[in-house]
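Welcome! Let's walk through this protein together, one question at a time.

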Amino acid sequence: MGTWDIGPFDNDTAADFGGDLDEAALEERESMICGALTRAADPADHLDTSDGERAVAAAALVVAQHPDGEPASSNYGPSDSLPELPADLRTLAVDALDQVVRVFRPVIVEMLGYSIDNLWTDVPEGSRPNFLPLAGASPSQLHIDADVDLNEMKRTGAMAVQRAKDFLLGKDREAVGDDTLGLLDDEVHRLVVAYPREPLGEIWGDLLETQNQVFCLLEGGRVRPSQLRDLNVKAAVLSFLVAKGFNDMEVPHQALTMTRVAAACARDAEHPGLIALTEGLKSLIAYWADKPGDAYHYASQGAETAASLRGTVGLWLLGLQARAAAALGDEESVRIANLQAADRRERVVLDDLDQLGGLLTYPPEKQLYYMVESEALLGHGDAQLAAQAERAVQGFSDPTSPNWAFGDLAGSQCDLAMIRLFSGDVEGAAEAIRPVLDLPVSHRNNGIVVSALRVRRALMHSPAHDAITARDLRAEIEAFPVSRPALPRG
């Protein structure tokens, strides 16, 4: 039967534990409860589900004897009376529940779409919680039974829209019409905006399909000369996003190949900003592949291309240059690149790439995040940098902001954790990285995983590396990438 409700004894393992208590002699029951809590609080190797379920049931029995506790009433709990349990079992019960939450936190968060802190928030009876699901969690999926008809309407409606798009793309058999280009404009803009805000699995199919549609138009010989540049720009932008997707899936060779396709389309479109952008993407791919020398080379090359541009792509390339230099341990190059970026920010004039937004623009929030990361990679952790790191996290705290990106938020949180570690604040580091470790599996892209593992390395070299909090955090980060999907769903 498994689990049938939310009570501490509403699953097979806990119900069997209740039955075992009834069958045991009265004087044995205390040791059985103590044993269940001890196994969870201090597991020999790992905590399995059955031990966790028994620990939750045992803790409920301990709480029931507290003066302010609630009875652990259940049709499946022990029916016979229990001896008076010693008060020190309460502390053991708390330790056991902490361990259960730590081990099963990622599963709970992934299943329900909310952080543990939100799930444990008291909500007055009869009211609704005022917190939002984690990014990527769908409220309609969480309450699917109540919305079956609406979901079916959405599904059939989406099929109709796709059929209409196919009709429009196919009807211009002799020449590409303005309606077709307008349709592609809308789709490219939607994908550019969605990429940093949604898990890759949600948009990957649409991204590949739209790229293919643009390629087919370019290959079909139906394009008027006045349309050719526009389609090549679209092909470059879409190929840029696909390349970024391969990088997020940790397939750097495919990412680099697709980046070269994007660069070729950008050159055909004679678009200097896009050409510089593709050099930046090569740098990004090398950076996350732990090739800082290559990352610095590509960023420097792109910075030269973007030297005369007024948009933010030039600032992004300087930020990439600073991070790569930091990974190489070159403090002077980091300082120069960050100073140049700060100076150029004052003279920015937003261009067509900035107007598209998403990954194609480099807002002040992201510039601060890159600057902080370059300093963190150099091992700095003073109070001023910690304050800047906190501001970087705050800059991505509002999911409704047009510049919000879940990857940049997670990266800035990992940087804050590292900087706090460098100043000896292990508890503060654990607090900073907690939202990252709570991310649904669908959001754990390559960059986020690498950033989290950097925190683990910093923990290993921290003076407090033997502290309980540090050991627990290292173990949790080590398990973080294990269930990350190799490919997006769909």
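Helices (H or I, at least four residues) and strands (E, at least two) are DSSP runs, numbered from the N terminus. This is a predicted model, in which local features need pLDDT of at least 70 and side-chain atom pairs count only at pLDDT 80 or more, while totals for chains, interfaces and linings use all residues. Residues are numbered from 1 along each chain as its sequence is written, and side-chain values use heavy atoms, leaving out hydrogens and water.

Q: How many helices and how many strands are in the protein?
A: Both kinds of element are counted as DSSP runs. The protein has 22 helices, and its number of strands is zero.

Q: What percentage of the residues in the protein is buried?
A: Buried means under 20% relative accessible area, exposed means over 50%, and partly exposed lies in between (1.4 Å probe, protein chains only). The protein has 490 residues, and the buried share is 47%.

Q: Among contacts between residues at least 6 apart in sequence, what percentage joins residues at least 24 apart?
A: A contact means heavy atoms within 4.5 Å. For this protein, the share is 66%.

Q: Is E23 buried or exposed?
A: E23 lies in helix α1, which covers residues 12–23. Its relative accessible area is 70%. Because that value is over 50%, E23 counts as exposed.

Q: Which loop holds D290, a residue with a positive phi although it is not a glycine?
A: The phi of D290 is about 60 degrees. At 67% relative accessibility, D290 is exposed. Its place is the loop between α12 and α13 (292–305).

Q: What is the phi of E250, which is not a glycine?
A: E250 is in the loop between α10 (225–248) and α11 (252–268). With 47% relative accessibility, E250 is partly exposed. Its phi is positive, at about 65 degrees.

Q: Which residues does A286 contact, leaving aside its neighbours within four places in sequence?
A: A286 is part of helix α12 (residues 272–288). It is buried, with a relative accessible area of 7%. Leaving those neighbours aside, the contacts of A286 are K291, D294 and A295.

Q: What distance separates the C-alpha atoms of A286 and P252?
A: Along the chain, A286 and P252 are 34 residues apart. In space, their C-alpha atoms are separated by 7.9 Å.

Q: Which residue forms a salt bridge with E187?
A: A salt bridge is a side-chain nitrogen of Lys or Arg within 4 Å of a carboxyl oxygen of Asp or Glu. E187 is buried at 12% relative accessible area, and its partner is partly exposed at 34%. Both lie in helix α8 (residues 178–194), three residues apart, about one turn of the helix. The closest N and O atoms are 2.7 Å apart, and the partner is R190.

Q: How far apart are the closest N and O atoms of E279 and K282?
A: These residues both lie in helix α12, three residues apart, about one turn of the helix. E279 is buried at 10% relative accessible area, and K282 is buried at 8%. In their salt bridge, the closest N and O atoms are 3.2 Å apart.

Q: Which residue forms a salt bridge with R454?
A: The closest N and O atoms of the pair are 3.5 Å apart. The pair links distant parts of the chain, 81 residues apart, with R454 in helix α21 (residues 446–460) and its partner in helix α17 (residues 364–377). Both residues are buried. The partner of R454 is E373.
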